[in-house]
Amino acid sequence: MIRIQQEDFDTGAEYNALRSANTSASAGAIVLFTGLVREFIATTNTAEGNPTANTFSLQHYPGMTETVLAELEVAARSRYKLQQVTIIHRVGSLQLGDQIVLVAVSAAHRAAAFDGAMYIMDILKTQAPFWKKEGDNWVDAKESDEQAASRWTTESE
Amino acid sequence: MTNKTKQTQTSASKFSLHLLYFASLADTLGRPSETLTPNKNITSVAELRQYLQQHDSRWASAAQGATILCAVNQTVARDDTPLRNGDEVAFFPPVTGG
């Protein structure tokens with residue numbers, strides 16, 4: 001299940017939805033990850049005259065975002081035999097500490113659930129068309145994110 | 001307004017591309033989208049990049065030393081990805097979501 005939305009999400013409700021979908025009790029593990037808006041240092045003028053210095057926002061490419069995430073869900077399900085997958089990503093204006101993204105998966109055992117959630121996050125961060133803006137500055141892509149994503153493709157496959 | 005020589009504004013067969021720009025690239029170019037109607041057909045992403053940089057100084061400076069990714073009809077594209085009349089072509093910096 002994929003959702004792109006401006007509004008916040010309820011981790012408890014999302015967890016319960018995954019758990020209640022496990023009607024046959026074939027899942028023995030649920031991993032739920034949330035990403036938050038971390039503090040950042042505004043490099044531009046932070047004087048009171050600059051109202052955007054401390055704002056945080058997320059832009060995306062409507063249409064392509066949904067397609068990329070849907071393909072990612074299919075790949076993760078197949079790769080880790082995941083039973084339920086929920087991916088929620090917020091867009092628009094956010095505040096420090098706000099929830100940005102939720103990835104929740106269920107699987108028979110914990111290793112697949114941990115790996116599946118990590119795989120989804122690593123690929124999402126390098127392939128889904130979202131862009132963060134901190135204050136007046138668009139965030140630069142990080143080499144460490146590319147490396148985190150590349151380990152899933154360089155491993156034996 | 002008796003302009004009998006008025007030309008049709010858009011011809012259905014004229015080659016056009018719908019371009020989308022995101023994040024810092026949209027800021028640099030000063031627009032989030034545009035419809036491009038070049039005087040000749042553009043057949044690949046590489047050719048489109050070259051055309052844009054030759055015809056727009058802001059494009060030329062934006063492309064200098066920066067990674068600009070491309071998607072054609074919402075699918076990640078490479079330089080040799082072919083283009084057809086009416087395609088949606090998006091250009092954007094490396095993504096930073098999550």
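**Figure 1. Salt bridge between chain A and chain B.** One salt bridge is counted between chain A and chain B in this predicted model. Its partners are the side chains of B:D27 and A:K133, with a distance of 4.0 Å from N to O. Polar contacts between chain A and chain B number 12 residue pairs, both residues being at pLDDT 80 or more. On the side of chain A that touches chain B, the elements giving two or more residues are β3, α2, β6, α3 and β7 (130–134) of chain A. Of these, α3(A) makes the largest contribution, with 5 residues.

**Figure 2. Extent of the interface between chain A and chain B.** The size of an interface is often given as the accessible area lost when the parts come together. For chain A and chain B the buried area is about 1600 Å², of which 61% is on carbon and sulfur atoms. A:Y61, A:M64 and A:W131 account for 41% of what chain A buries against chain B, more than any other three residues. In terms of contacts, 25 residues of chain A meet 17 residues of chain B.

**Figure 3. The antiparallel sheet of chain A.** Strands of a sheet pair through backbone hydrogen bonds, either parallel or antiparallel. Here 4 strands of chain A make an open sheet with the order β5-β3-β7-β8, and the pairing is antiparallel. At the edges are β5 (92–94) and β8 (137–138) of chain A, each of which pairs on one side only. Strand β3 of chain A, residues 56–60, is paired with β5(A) in the antiparallel sense through 3 bridges. In this pairing A:F56 is placed opposite A:L94 of β5(A).

**Figure 4. The mixed sheet of chain A.** A further open sheet has 4 strands in the order β1-β4-β6-β2 of chain A, and its pairing is mixed. Its edge strands are β1 (2–5) and β2 (29–36) of chain A, each pairing on one side only. From one strand to the next, the twist averages 10°. Strand β4 (residues 84–90) and strand β6 (residues 99–107) of chain A are antiparallel to each other and share 6 bridges. Across this pair, A:I87 stands opposite A:V103, which belongs to β6(A).

**Figure 5. Helices α2 and α3 against strands of chain A.** Helix α2 of chain A, residues 64–80, lies across β1 and β4 of chain A. The helix runs at about 150° to β1(A). Helix α3 of chain A, residues 110–127, lies across three named strands, β2, β4 and β6 of chain A. Its angle to β6(A) is about 145°. The same helix, α3(A), also gives 5 residues to the side of chain A that touches chain B.

**Figure 6. Surroundings of A:Q99.** A:Q99 is located in strand β6 of chain A. With a relative accessible area of 16%, A:Q99 is classed as buried because that value is under 20%. The side chain of A:Q99 makes a polar contact of 2.9 Å with the side chain of A:D8. A polar atom of the A:Q99 side chain also lies 2.8 Å from the backbone oxygen of A:F9. Leaving aside residues up to four places away in sequence, A:Q99 touches A:D8, A:F9, A:T11, A:T34, A:G35, A:L36, A:R90 and A:L94. One of these contacts, A:L94, is the residue of β5(A) that stands opposite A:F56.

How values were computed: Residues numbered from 1 in each chain as written. Chains lettered and ligands numbered in written order. Predicted model: local features only at pLDDT ≥ 70, side-chain atom pairs only at ≥ 80, totals over all residues. Heavy atoms only, no water. Pairing = 2+ DSSP bridges. Axes fitted to C-alpha atoms, helices over the stretch in contact; angles between N-to-C directions. Contact = heavy atoms within 4.5 Å. Buried < 20%, exposed > 50% of the residue type's maximum accessible area, 1.4 Å probe, protein only. Polar contact = N/O pair within 3.5 Å; in protein donor to acceptor, adjacent residues only side chain to side chain. Buried area = accessible area lost by both parts, 1.4 Å probe.
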